[in-house]
Amino acid sequence: LGGGSRTSQAVRGVAFGLPLPLCSCGVVPVYRSLVLKGVPPAAAMAFFVATPELGAEALFLSLPLLGAELTVARLLAAGAVALIVGLIVSSLARETPEPVDNEPVPKLSLRERFRLAVRTGLAEMVDATMPWIIVGIAVAALLDPWLSQPGNFLMQVPPAAQVPLFA
């Protein structure tokens, strides 16, 4: 992902993240490992922003919800934002970090790799995200009865103003 101009690094960062089915919480450890390996800031940050927004699952989820025209516009906007953020971060970064020399990773058997993947996906990732998921569900459960009252002032907000107001 290194080499070339900052723009080409950012483009490669976006392209590298396209085939990866990572959500916004799952992209953080991959981004961190890229930074520790010495990937330039433009490529790493473009990857970080683009991967959850431009994956196939985002495309297939957006199509029925937004239609074809808005899905294409959303994907183009997400790609543009990822490139712009990558370029801004690379211009603010003082230098490309030096790669951290990790110890050589021993060759693991398929069983050991599977066990490590399950532990990472079902233990470490859940431990990091579950408290925030529980807080979000609790807040939603507390606010839902109040917000869905028929006489609630939020129900009288004009439809055109609902998205900007709640965003």
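Lys and Arg are counted as positive and Asp and Glu as negative, with His and the chain ends left out.

**Figure 1. Charges in the predicted model.** The model shown here is predicted. The chain carries 11 positive and 11 negative charges. The mean position of the positive charges and that of the negative charges lie 7 Å apart.

**Figure 2. The chain as a whole and its helices.** Six helices and zero strands are assigned to the chain. From start to end of the sequence, the pattern reads α-α-α-α-α-α. The radius of gyration is 20 Å, whereas the globule rule gives 15 Å for 167 residues; the value is well over the rule, so the chain is more spread out than a compact globule. Along the principal axes, the C-alpha atoms fill a box of roughly 65 × 40 × 30 Å.

**Figure 3. Surface, burial and contacts of the chain.** The exposed area of the chain is about 11800 Å². Carbon and sulfur atoms supply 70% of this area. Buried residues make up 21% of the 167 in the chain. For contacts between residues at least 6 apart in sequence, 66% join residues at least 24 apart.

**Figure 4. The largest nonpolar core.** Eight residues form this core: Ala-10, Val-14, Ala-42, Ala-46, Ala-50, Leu-54, Ala-78 and Ala-82. Two or more of them are given by each of the helices α1 (6-17), α3 (41-54) and α4 (56-92). Helix α3 provides the largest share, with four residues. Within the core, Ala-50 touches Val-14 and Ala-82, when residues up to four places away in sequence are not counted.

**Figure 5. A second nonpolar core.** Apart from the largest core lies another one, made of seven residues. Among them are Leu-22, Leu-34, Ala-43 and Phe-47.

**Figure 6. Leu-92 and Pro-41.** Leu-92 is found in helix α4. The relative accessible area of Leu-92 is 66%, and residues over 50% count as exposed, so Leu-92 is exposed. Leu-92 and Pro-41 are 51 residues apart along the chain. The C-alpha atoms of these two residues are separated by 9.3 Å.

How values were computed
Residues are numbered from 1 along each chain as its sequence is written. This is a predicted model: local features need pLDDT of at least 70, side-chain atom pairs count only at pLDDT 80 or more; totals for chains, interfaces and linings use all residues. Side-chain values use heavy atoms; hydrogens and water are left out. The radius of gyration is taken over C-alpha atoms; the globule rule is 2.2 Å times the number of residues to the power 0.38. Buried means under 20% relative accessible area, exposed over 50%, partly exposed in between (1.4 Å probe, protein chains only). Contact means heavy atoms within 4.5 Å. Accessible areas come from the Shrake-Rupley method with a 1.4 Å probe; for residues, only the protein chains shown count as cover. The place of a charge is taken as NZ of Lys, CZ of Arg, CG of Asp or CD of Glu. A nonpolar core is a set of buried Ala, Val, Leu, Ile, Met, Phe, Trp, Tyr and Cys residues joined through side-chain atoms within 4.5 Å.
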